[in-house]
Amino acid sequence: MTKIKALPDVPRWAVLAAHAVPLVTLPSGLWRLALVAGLPVTQDAELGTMGFWESGYVVSLSVVSELLAFLTLGLVRSWGEVFPRWMPFLGGRRVNPAAATAAAFAGVAGLCALAGWGVYASYADLGPGIPASPAQDALLVACYAPLLAWPVLLAAVAASYYRRRTRAAGSGSGRQYGAGRPSASSWV
């Protein structure tokens, strides 16, 4: 079985959930990149011929969403407990568990709001819509449906992170990963 890198005191389910987050965001990003590349994911010829700025926006949206998804891994790895040395002003300092958890739950709230708006906009017929064949519609749904798991997975991993970090800080026993200077191997 393949070993997934994480801190030793992180529950296996939390490690798997954290590693699943970048995977659930990947299909929608690939769909957007296919749209920019002019592949037949819609029937509208104008959508396939986007301008430079529109294409840049769509590609940036895919990259940013994937980078945000990768931040979930920080909740199960050492760089979620001690900032990496290369970070200006913060390098080598402990990550505040309350701040990291608050940021994660703010992300959960934002993702839920986006999902709610998307459902509302779809049923209220807001926006121009995307003309597509039934197969193209099925592909769109297949690529975007996994995004519904993102806030659920993030909330579960963030709650686990907070419980683990506050329990370790509250008890005098056990290894505390933010204490002292991190070793070079802890950045993996």
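Author: A residue counts as buried when its relative accessible area is under 20%, as exposed when that area is over 50%, and as partly exposed in between. The model discussed here is a predicted one.

Reader: Is R164 buried or exposed?
Author: R164 belongs to helix α6, which spans residues 149–170. The relative accessible area computed for R164 is 3%. Because the limit for a buried residue is under 20%, R164 falls into the class called buried.

Reader: Which residue in the segment before α1 does R164 pair with in a salt bridge?
Author: Side chains of opposite charge can pair when their charged atoms come close. One partner of R164 stands in the segment before α1, and the two residues are 155 places apart in the chain. The N to O distance of this salt bridge is 3.9 Å, and the partner, partly exposed at 31% relative accessibility, is D9.

Reader: Which residue in the loop between α3 and α4 is also tied to R164, and what is the N to O distance of that salt bridge?
Author: R164 lies in helix α6, whereas the partner lies in the loop between α3 (52–70) and α4 (97–123), so the pair ties together parts that are 83 residues apart in sequence. Both residues of this pair are buried. The partner is E81, and the N to O distance is 2.5 Å.

Reader: Which residue of helix α6 makes a salt bridge with E81 at 3.9 Å?
Author: The residue in question sits in helix α6 and is 84 residues away from E81, which lies in the loop between α3 and α4. Both members of the pair are buried. With the closest N and O atoms 3.9 Å apart, the partner of E81 is R165.

Reader: Which residues do the salt bridges that share partners join into one network?
Author: The count of salt bridges comes to three. R164 pairs with D9 and also with E81, while E81 is bridged to R165 as well. Shared partners therefore give, within the 4 Å limit for a salt bridge, one network made of D9, E81, R164 and R165.

Reader: At what angle do the axes of helix α1 and helix α5 cross?
Author: Two packed helices are described by the angle between their axes and the distance between the axes. For α1 (residues 12–37) and α5 (residues 134–144), the axes come within 7 Å of each other. The crossing makes α1 oblique to α5, at an angle of roughly 135 degrees.

Reader: How many nonpolar residues does the contact of α1 with α5 have?
Author: On the α1 side the contact is made by P27, S28, W31 and R32, and on the α5 side by L139, L140, C143 and Y144. By class, one residue of this contact is polar and one is charged, and the number of nonpolar residues is six.

Reader: Which residues does S28 touch, not counting residues up to four places away in sequence?
Author: S28 is placed in helix α1. With a relative accessible area of 1%, S28 is buried. Once residues up to four places away in sequence are set aside, S28 touches C143, Y144 and L147.

Reader: Which elements give two or more residues to the largest nonpolar core?
Author: The largest nonpolar core has 23 residues, and those with the most contacts inside it are V10, L75, V76, W150, L154 and V157. One of these, W150, touches residues including V21, V24, L68 and L111. Apart from this core lies another, of five residues, with W31, L35, V41 and C143 among them. The elements that give two or more residues to the largest core are α1, α4 and α6.

Reader: Which residues is S160 in contact with, leaving aside its neighbours within four places in sequence?
Author: S160 lies in helix α6. At 5% relative accessibility, S160 counts as buried. The residues that S160 contacts, with neighbours within four places left aside, are P11, W13 and A14.

Reader: What is the value of phi for F89?
Author: F89 lies in the loop between α3 and α4. At 78% relative accessibility, F89 counts as exposed. Its phi is positive, in a residue other than glycine, with a value near 70 degrees.

Methods. Residues are numbered from 1 along each chain as its sequence is written. This is a predicted model: local features need pLDDT of at least 70, side-chain atom pairs count only at pLDDT 80 or more; totals for chains, interfaces and linings use all residues. Side-chain values use heavy atoms; hydrogens and water are left out. Axes are lines fitted to C-alpha atoms, for helices over the stretch in contact, and angles run from 0 to 180 degrees between N-to-C directions. Helices (H or I, at least four residues) and strands (E, at least two) are DSSP runs, numbered from the N terminus. Angles under 35 degrees count as roughly parallel, over 145 as roughly antiparallel, 65 to 115 as roughly perpendicular and the rest as oblique. Contact means heavy atoms within 4.5 Å. Ala, Val, Leu, Ile, Met, Phe, Trp, Tyr, Cys and Pro count as nonpolar, Asp, Glu, Lys and Arg as charged, and the others, Gly among them, as polar. A salt bridge is a side-chain nitrogen of Lys or Arg within 4 Å of a carboxyl oxygen of Asp or Glu. Buried means under 20% relative accessible area, exposed over 50%, partly exposed in between (1.4 Å probe, protein chains only). A nonpolar core is a set of buried Ala, Val, Leu, Ile, Met, Phe, Trp, Tyr and Cys residues joined through side-chain atoms within 4.5 Å.
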